[in-house]
Amino acid sequence: MKFSKTEIEGLVIIEPNVFEDDRGHFFESYNKNEFVENGIDSTFVQDNQSLSEKGVLRGLHFQNAPFAQAKLIRVITGSVLDVAVDIRKNSPTYGHHQSIILSSSNKKMFFIPEGFAHGFLTLENNTIFSYKCSNFYNTSSEDSILWNDKSLNINWNFDKPLLSEKDKIAQNFNNFVSQF
């Protein structure tokens, strides 16, 4: 696997070694030893998966302590624009974001540590999105930031995504008080 650090400390793009032949392909999507060797020592306790049509936007979500979560994200079918926003108040990149296209064809994965808000926009119908979490989901620790907050300057390149009611009323970043 190839592990590439991004401009934002802690965010890592992972490219698996893919073995293809006339039968299809094979790759390891997770190997604890390789992750630890590359500075990712999270223990994952929950796997989540969603199916979405093109134009669905989920996020920007996060869990506060004591249920904060690191995530290892990948796309099984289809593609997404995946976005992580740094909400670590003492970070030099606080309020900055990293975006990446994750797809079934590029097979890239994205590691997001605790202290980030996360969201994604599906770019194809029948997109299956999968992620490992380092902590269990807890409703009372859940929070979100408005996906199109102007101060974050995220280019989703999509005017009217399909949103949940919760995501439509998420807080503005300027009103947000980080617990990280």
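**Salt bridges and cores in a predicted model**

Mentor: In this predicted model, E142 and K166 form a salt bridge, with their closest N and O atoms 2.8 Å apart.

Trainee: Why is the pair of E142 and K166 called a salt bridge?

Mentor: The criterion asks for a Lys or Arg side-chain nitrogen within 4 Å of a carboxyl oxygen of Asp or Glu. The N and O atoms of K166 and E142 are 2.8 Å apart, so the pair qualifies. The pair links distant parts of the chain, since E142 lies in strand β13 and K166 in helix α2, 24 residues apart.

Trainee: What makes E142 and K166 partly exposed?

Mentor: Partly exposed covers the range between under 20% and over 50%. E142 has a relative accessible area of 26% and K166 has 38%; both therefore carry that label.

Trainee: How do you know that R23 is exposed?

Mentor: Exposed requires over 50%, and R23 has a relative accessible area of 74%, so the term applies. Its salt-bridge partner D21, at 2.5 Å from N to O, is partly exposed at 37%.

Trainee: Why are E165 and K168 separated by about one helical turn?

Mentor: Because they are three residues apart in helix α2. The closest N and O atoms of this salt bridge are 3.1 Å apart. E165 counts as exposed at 57%, whereas K168 is partly exposed at 45%.

Trainee: Which residues touch the most other members of the largest nonpolar core?

Mentor: Of its 19 residues, these are L60, V85, I87, I145 and W156. Strands β6, β8 and β11 each give two or more residues to this core. A second, separate core of 14 residues includes V75, L102, I112 and F129.

Terms used: Residues numbered from 1 in each chain as written. Predicted model: local features only at pLDDT ≥ 70, side-chain atom pairs only at ≥ 80, totals over all residues. Heavy atoms only, no water. Core = buried A, V, L, I, M, F, W, Y, C linked by side-chain atoms within 4.5 Å. Buried < 20%, exposed > 50% of the residue type's maximum accessible area, 1.4 Å probe, protein only. Helix = DSSP H or I, 4+ residues; strand = E, 2+ residues; numbered from the N terminus.
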